[in-house]
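The following exercises concern a ligand site and the fold around it. Each task is followed by a solution in steps.

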Amino acid sequence: MKRSLTVMGNWKMNGTRGDNESLLRELVFEGKKFPSVEVAVFPPSVFIESVAQQLVGSPVRVGAQDLCEQLKPGAFTGEVLGAMLKELGCRYALVGHSERRHVYGETDERVAAKFVAAQHSGLTPVLCVGEQLAEREAGQTETVLDRQLLAVIDQGGVASLRGALIAYEPVWAIGTGKTASPEQAQAAHAHIRGLIAARDAKIANSICILYGGSVKADNAAELFAQADVDGGLIGGASLKASEFLAICAAAQALHDE
Ligand code: PGA
């Protein structure tokens, strides 16, 4: 039996009210079939409130795709404070997704500040880390992961990782259809857990490390079966109920084995 797995759906900038309603209707109906899997969806922020309302009474949780690094309200046009997301019903917040880092230029320091801000508001951060293709090819995968993780440990302390989640998402695998092999995922996850273990063995042992990057119904089981892979952060495949549910079912099956 594998410990409980987590499956999170990052909808990115997709969906309409109508799309969300039909997708959620299926998730709510079928979601009860995965009692040992923590399932969450991350809609665009404008839909969080209506999604949270539709999920009342369901075990499926809601998260935000991003938040502002500020700790208090103020003059920050266009930004969303963690406390606002919490008030709308969010449990989780992604921080440092590769699109935030590489399309919007977020630095390790800003990502770390967002991680701290999420916890300050009572949100559970999901820290996304991962190397770009050129970095992997140059043999720098572990250096990049260390840098991204240590930025958070420097700002928040290793204790801030208690209860948080990490998502290892190699940038070259996101939205490309090119998944990391189970061995590549396992090696990166073991490295991440090892870095934390060197500072706090208890936190390292309990922290949930998700894999993300072209996870689909037909590759989820072999990825999730790896010793240090505790579930997945799903992009494209989370927009289709049947695919997302099949991924949740793969997680439940591994738990039941
Ligand atoms: P993908 O996205 O599953 O579409 O590759 C994953 C992510 O960006 O979290």
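**Exercise 1.** Determine which polar atoms of the protein lie beside oxygen atoms of the ligand in this predicted model.

*Solution.* Begin with the side chain of His97: one of its N or O atoms is 2.6 Å from an oxygen atom of the ligand. Turn next to the backbone. Ser214 places a backbone N or O atom 2.7 Å from a ligand oxygen, and for Gly235 the corresponding backbone distance is 2.9 Å. With a cut-off of 3.5 Å for N or O pairs, these distances qualify as polar contacts. Finally, consider the surface: the isolated ligand exposes 280 Å², of which the protein buries 96%.

**Exercise 2.** Describe the composition of the shell around the ligand.

*Solution.* Count the neighbours: 13 residues surround the ligand, and the closest are Lys12, His97, Glu169, Gly175 and Ser214. Then classify the shell, which comprises four nonpolar, seven polar and two charged residues.

**Exercise 3.** In what order do the eight strands close into a barrel, and is the pairing parallel or antiparallel?

*Solution.* The order is 1-2-3-4-5-6-7-8, with parallel pairing. From one strand to the next, the twist averages 25 degrees. As an example of a pair, strand 3 (residues 61-64) and strand 4 (residues 92-95) run parallel and are joined by two bridges. Within this pair, Gly63 stands opposite Tyr92 of strand 4.

**Exercise 4.** Which strands do helix 5 and helix 7 touch or lie across?

*Solution.* Helix 5 (residues 108-120) packs on the sheet and touches strand 4 and strand 5 (124-129), its direction making about 160 degrees with that of strand 5. Helix 7 (residues 141-156) lies across strand 5 and strand 6 (165-168), at about 155 degrees to strand 5.

Conventions: Residues are numbered from 1 along each chain as its sequence is written. This is a predicted model: local features need pLDDT of at least 70, side-chain atom pairs count only at pLDDT 80 or more; totals for chains, interfaces and linings use all residues. Side-chain values use heavy atoms; hydrogens and water are left out. Two strands pair if DSSP finds at least two bridges between them. Helices (H or I, at least four residues) and strands (E, at least two) are DSSP runs, numbered from the N terminus. Axes are lines fitted to C-alpha atoms, for helices over the stretch in contact, and angles run from 0 to 180 degrees between N-to-C directions. Contact means heavy atoms within 4.5 Å. A residue is near a molecule or strand if one of its heavy atoms lies within 4 Å of it. A polar contact is a pair of N or O atoms within 3.5 Å; within protein, one must be able to donate a hydrogen and the other to accept it, and residues adjacent in sequence count only if both atoms are side-chain atoms. Accessible areas come from the Shrake-Rupley method with a 1.4 Å probe; for residues, only the protein chains shown count as cover. Ala, Val, Leu, Ile, Met, Phe, Trp, Tyr, Cys and Pro count as nonpolar, Asp, Glu, Lys and Arg as charged, and the others, Gly among them, as polar.
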